[in-house]
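Reader: I should like a close look at a single part of this model, namely the surroundings of the ligand. Please treat the matter as one connected account.

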Amino acid sequence: MSNLILGIDVGGTGIKGAIIDTVTGELISERVKIPTPPPATPNQVLEVVSQLVEILEYEGSKIGIGFPAVVKDGICCTASNIDKSWIGVDVNKLFSEGLKKDCKVLNDADAAGIAELNFGNIANSQGITILLTLGTGIGSAMFLQDQLIPNTEFGHLKFNGTIAEKYTSNKVRETKDLSYKVWGSRLSEYLSHLEMIFSPSAFILGGGVSKKLHKYEQYLKIDTPIYAATKLNNAGIIGAAKYMSQA
Ligand code: BGC
């Protein structure tokens, strides 16, 4: 049985893929990214994922896919940063039939968490660890030691008169042109709210902006230790492939 599995990360702005060695967590192909098609309907997204399979010349039989929504028992249940027509779709079936490969879909932040659990900062952690992906939205993955509690959706917690991801996602920083000081202070308020509710042992920040933690960590005034995801914005594809390898 091959350890090499294609991991895909469907995001609000781009759809990324790479072939992953699911034993080491390393990328063994280049990482290819194609812009998310507007509108990001099931057929359009399926078309982009099949282009990725072709570009990467992937001949394996299994694909793991991280998806930016609640995915419960293979069914897409929400659609905040993706077309509403996804709601109710059997995503495992759609991708498996469309790509003629065995595909398993999970929430994108849960996928990133699985990467960190197996190859990064969550390994050996005691207590609760919360990973947040700061991108178009805010995704969350919560672990009690090595046990994932899936689909936590902390980016949708009501916060400051709106929901958290509309207050402090990376997209909000970019579109409102917030300085790292202002945005970092917003993020700090949000982390402190999560800290109060869950008393985690650590927060892990993922998404592209986690690479720049040094620019805003001085504004994060909470007691819980904060780390950048070791796999940075590759965590989603690595974790999706790892998830498929264990399915
Ligand atoms: C979605 C989550 C997703 C996150 C990051 C949120 O808007 O509701 O399911 O994990 O964006 O993509």
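Reader: How many Å separate an oxygen atom of the ligand from an N or O atom in the side chain of Asn81?

Author: In this predicted model, the distance between an oxygen atom of the ligand and an N or O atom in the side chain of Asn81 is 2.9 Å. The side chain of Asp108 also supplies an N or O atom, which is 2.5 Å from an oxygen atom of the ligand. With Ala69 the backbone takes part: one of its N or O atoms lies 3.3 Å from a ligand oxygen atom. The ligand taken alone exposes 310 Å², of which the protein buries 94%.

The location is the largest pocket, where the ligand sits. Around the ligand are Pro68, Ala69, Val70, Ser80, Asn81, Asn107, Asp108, Ile138, Gly139, Glu153, His156 and Glu165. By character, this shell divides into 4 nonpolar, 5 polar and 3 charged residues.

The shell may also be placed within the chain as a whole. The chain is divided into domain 1 (4-111 + 235-246) and domain 2 (124-229), and each of these domains contributes at least three residues to the shell around the ligand. The C-alpha centres of domain 1 and domain 2 are 23 Å apart. Between the two domains there is direct contact, in which 11 residues of domain 1 meet 13 residues of domain 2.

Conventions
Residues are numbered from 1 along each chain as its sequence is written. This is a predicted model: local features need pLDDT of at least 70, side-chain atom pairs count only at pLDDT 80 or more; totals for chains, interfaces and linings use all residues. Side-chain values use heavy atoms; hydrogens and water are left out. A residue is near a molecule or strand if one of its heavy atoms lies within 4 Å of it. A polar contact is a pair of N or O atoms within 3.5 Å; within protein, one must be able to donate a hydrogen and the other to accept it, and residues adjacent in sequence count only if both atoms are side-chain atoms. Accessible areas come from the Shrake-Rupley method with a 1.4 Å probe; for residues, only the protein chains shown count as cover. On a 1 Å grid over the protein atoms alone, a cavity is a set of points where a 1.4 Å probe fits but cannot get out, and a pocket is an open set with protein on both sides within 12 Å along at least five of seven lines; lining residues have an atom within 4 Å of a point. A molecule sits in a cavity or pocket if more than half of its atoms lie within 2 Å of its grid points. Ala, Val, Leu, Ile, Met, Phe, Trp, Tyr, Cys and Pro count as nonpolar, Asp, Glu, Lys and Arg as charged, and the others, Gly among them, as polar. Domain bounds come from an automatic or database domain assignment. Contact means heavy atoms within 4.5 Å.
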